[in-house]
Amino acid sequence: SHFTKQDGSGWCCGVLFQNRRTFQGDSPVLRASLVLGTYLVAILIPNVQELISLSGAFAGSSCALIIPPLLELRSILENHHRLSPMAVLRYMLLVIGVLFLIVGTAASIRDIVKAFEEGGDQ
């Protein structure tokens, strides 16, 4: 079989990851930092509901309200003046998206702090 080495010892890491591609910035330090950061968040925020609320407020407003106007602005500004009505509308949508991101993230952080305070009194 092509999954065994010549000596018949079977799969080994060298064979499995022989053709693995690496990306610029890919390092063991980055991976360890991400794993440790995830672990610390899991320890510090035992109630997942608040964490989901925080990530939803941040990622949801970014994906739905901030990134689309930015992409449209880039396209619009290639052919129009930066103060054209189309660009101004995208700027307004971008400001509204950033406001929603700030308000939603602040509310989620307030809920996390409130959950910590309630957990400390029990």
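Helices, as the word is used here, are DSSP runs of at least four residues, numbered from the N terminus, and with that numbering Leu83 falls in the loop between H3 and H4. The model on your screen is a predicted one.

**The whole chain**

Start with the full chain in a cartoon view, where the secondary structure comes to four helices and zero strands, so that the elements read α-α-α-α from the N terminus on. If you then switch to a surface, the chain exposes about 9900 Å², of which carbon and sulfur atoms supply 67%. Buried residues account for 16% of the 122 residues, and among contacts with a separation of 6 or more, 54% join residues 24 or more positions apart.

**Helix H3**

Select residues 48-79 next, which form helix H3. Its 32 residues should span 46 Å at 1.5 Å a residue, and the end C-alpha atoms are indeed 46 Å apart, which agrees. Following the helix along, you will come to a bend of about 40 degrees at Ser62.

Is Ser62 buried or exposed? Ser62 is buried, because its relative accessible area of 16% is under the 20% cut-off. Showing its neighbours, and leaving aside residues up to four places away in sequence, you will find that Ser62 touches Ile67, Pro68 and Leu101. The buried residues of H3 also include Glu50, Ala57, Ser61 and Ile66, and Pro69, Leu73 and Ile76 belong to that list as well.

**The loop and helix H4**

Move on to Leu83, in the loop between H3 and H4, which counts as exposed because its relative accessible area is 56%, where exposed means over 50%. Beyond the loop, select residues 85-121 for helix H4, and within that helix pick out Val103. Val103 is likewise counted as exposed, at 55% relative accessibility. A distance drawn from the C-alpha atom of Val103 to that of Ala57, 46 residues apart along the chain, comes to 8.6 Å.

**The nonpolar patch**

Finally, colour Leu65, Leu77, Leu83, Val88, Leu89, Tyr91, Met92, Leu93, Ile96 and Phe100, which together make a nonpolar surface patch of about 850 Å². Which helix gives the most to this patch? That helix is H4, with seven residues, while H3 and H4 each supply at least two. Leu83, the exposed loop residue visited above, is one of the patch members too.

Notes:
Residues are numbered from 1 along each chain as its sequence is written. This is a predicted model: local features need pLDDT of at least 70, side-chain atom pairs count only at pLDDT 80 or more; totals for chains, interfaces and linings use all residues. Side-chain values use heavy atoms; hydrogens and water are left out. Buried means under 20% relative accessible area, exposed over 50%, partly exposed in between (1.4 Å probe, protein chains only). Patches are made of residues with over 30% relative accessible area and no salt bridge: like charges are joined within 9 Å, nonpolar side chains (Val, Leu, Ile, Met, Phe, Trp, Tyr) within 5 Å. Accessible areas come from the Shrake-Rupley method with a 1.4 Å probe; for residues, only the protein chains shown count as cover. A salt bridge is a side-chain nitrogen of Lys or Arg within 4 Å of a carboxyl oxygen of Asp or Glu. Contact means heavy atoms within 4.5 Å. The expected span of a helix is 1.5 Å times one less than its number of residues. The bend at a residue is the angle between axes fitted to the seven residues ending there and the seven starting there.
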